[in-house]
Amino acid sequence: DLDELILALSTSRNLTILSLASNGIGLKGSTSLARLLENQRSNLEYLYLSENSIDNESAIMLADSLAKNTKLRTLCLRGNDRITTAGWSAMLKLVHSSPSIDGVIKSNHNLNNLGMLTDRKKTIAIALDIDDAKLLCESLKLNAIRDRVMKASVTSALGVDNANLLRASLHLNDATDKILVARCKILWSHARGNINLGIELSMVTGAMPRILAWIGGEPNETNAIFVQYHYPNVPKAKLDIIRLNSIYR
């Protein structure tokens with residue numbers, strides 16, 4: 001019984017990785033896991049829930065449970081095709097809540113993987129024989145196909161711009177300086193027009209000098225990167241600079 005398993009796991013300080021892939025946990029299982037993720041004593045960092053019939057209701061519940069979670073880094077949702085706009089929007093709101101500066105600051109800045117990104121950057125330090133090398137290459141190709149399907153699903157649900165923002169926010173969350181993470185997300189929200197820093201900062205004494213300290217004294221191509229969240233960059237840097245200019249005005 002999953003409830004009994006979660007209850008037992010909730011008392012463990014040593015559990016950091018949990019894989020329940022392809023177990024058909026659905027809504028009931030997601031409810032139990034949400035309680036585990038809300039438990040401040042949990043040290044879980046990696047949770048794999050691929051191929052589990054998770055739908056929008058379950059995804060929203062999991063996102064809500066992570067609002068104050070500072071431990072989980074990976075929540076693999078690959079292969080849960082019943083997650084659509086509502087579910088992915090909840091994940092975007094979790095890692096980048098845009099309506100206000102306070103909302104962005106209180107976003108989750110630790111979760112950095114939803115199963116749609118595959119790490120290709122690790123150096124292979126051990127020599128492999130030809131069969132193992134072929135197996136590794138084919139496995140990576142297969143992973144790439146699964147990643148593209150996942151990315152296409154998220155893009156279809158959220159639209160290109162929000163999908164870019166979700167992926168960029170997850171990538172940004174991998175940084176260790178969480179204050180810098182929050183600052184970048186605030187500036188991204190300003191660039192998107194979700195936050196008007198001119199209005200919001202006027203209500204926060206001493207905030208404008210801090211903003212200028214983040215991004216420099218004058219608008220230019222260098223500090224434009226702070227409001228450019230697309231990867232790879234799309235040709236909208238000039239528009240971003242214009243929006244950045246409104247901070248200086």
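**Cysteines**

A disulfide needs two cysteine sulfur atoms within 2.5 Å of each other. By this rule, the count here comes to 0 disulfides. The model is predicted. Two cysteines still deserve a look. Cys76 is buried, at a relative accessible area of 6%. Cys184 has a relative accessible area of 12%. Buried means under 20%, so Cys184 is buried as well.

**Overall build**

How many helices and strands does the protein have? There are 11 helices and 3 strands. Along the sequence they follow the pattern α-β-α-β-α-β-α-α-α-α-α-α-α-α. The chain holds 249 residues, and 43% of them count as buried. Now take contacts between residues at least 6 apart in sequence. Of these, 76% join residues at least 24 apart.

**Helix 1 against helix 2**

Helix 1 covers residues 2-9. Its axis lies 9 Å from the axis of helix 2, and the two pack at an angle of about 10 degrees. An angle under 35 degrees counts as roughly parallel, so helix 1 and helix 2 are roughly parallel to each other. Which residues meet here? Helix 1 brings Leu2, Asp3, Ile6 and Leu9. Helix 2 brings Lys28, Gly29, Ser32, Leu33, Arg35 and Leu36. By class, this contact has 5 nonpolar, 2 polar and 3 charged residues.

Asp3 gives a view of this contact from one residue. Asp3 sits in helix 1. Is Asp3 buried or exposed? Neither word fits fully: Asp3 is partly exposed, with a relative accessible area of 30%. Leaving out residues up to four places away in sequence, Asp3 touches Lys28, Ser32 and Arg35. Take the pair Asp3 and Arg35. They are 32 residues apart in sequence, and their C-alpha atoms are 9.8 Å apart in space.

**Helix 2 against helix 3**

Helix 2 spans residues 26-38, and helix 3 spans residues 56-65. Their axes come within 8 Å and cross at roughly 5 degrees. Helix 2 and helix 3 are therefore roughly parallel to each other. On the helix 2 side, the contact is made by Gly26, Leu27, Ser30, Thr31, Leu33, Ala34, Leu37 and Glu38. On the helix 3 side, Glu57, Ser58, Met61, Leu62 and Ser65 take part. The residues of this contact divide into 6 nonpolar, 5 polar and 2 charged.

Leu33 of helix 2 turns up in both contacts. Leu33 meets helix 1, and Leu33 also takes part in the contact with helix 3.

**Loop residues**

Now look at the loops. The table lists four residues found there.

| Residue | Loop | Relative accessible area | State |
|---|---|---|---|
| Ser42 | between helix 2 and strand 2 | 7% | buried |
| Glu51 | between strand 2 and helix 3 | 38% | partly exposed |
| Ser53 | between strand 2 and helix 3 | 41% | partly exposed |
| Asn108 | between helix 5 and helix 6 | 3% | buried |

Start with Ser42. Where does the side chain of Ser42 reach? The side chain reaches the backbone nitrogen of Leu44, at 3.3 Å. Ser42 also touches Leu36 and Lys71, not counting residues up to four places away in sequence. Leu36 belongs to helix 2, where it takes part in the contact with helix 1.

Next come Glu51 and Ser53. Strand 2 covers residues 46-48, and Glu51 is in the loop that leads from strand 2 to helix 3. Ser53 is also found between strand 2 and helix 3. What is the phi of Glu51? Glu51 has a positive phi of about 55 degrees, although it is not a glycine. Ser53 is not a glycine either, and its phi is positive at about 55 degrees.

Last is Asn108. Asn108 lies in the loop between helix 5 (101-105) and helix 6 (130-158). A polar atom of the Asn108 side chain lies 2.8 Å from the backbone nitrogen of Asn110. What else does Asn108 touch? Not counting residues up to four places away in sequence, Asn108 touches Leu66, Asn69, Leu94, Val95, Asn173 and Lys185. With a relative accessible area of 3%, Asn108 is buried.

Conventions: Residues numbered from 1 in each chain as written. Predicted model: local features only at pLDDT ≥ 70, side-chain atom pairs only at ≥ 80, totals over all residues. Heavy atoms only, no water. Axes fitted to C-alpha atoms, helices over the stretch in contact; angles between N-to-C directions. Helix = DSSP H or I, 4+ residues; strand = E, 2+ residues; numbered from the N terminus. Parallel < 35°, antiparallel > 145°, perpendicular 65-115°, else oblique. Contact = heavy atoms within 4.5 Å. Nonpolar A, V, L, I, M, F, W, Y, C, P; charged D, E, K, R; others polar. Buried < 20%, exposed > 50% of the residue type's maximum accessible area, 1.4 Å probe, protein only. Polar contact = N/O pair within 3.5 Å; in protein donor to acceptor, adjacent residues only side chain to side chain.
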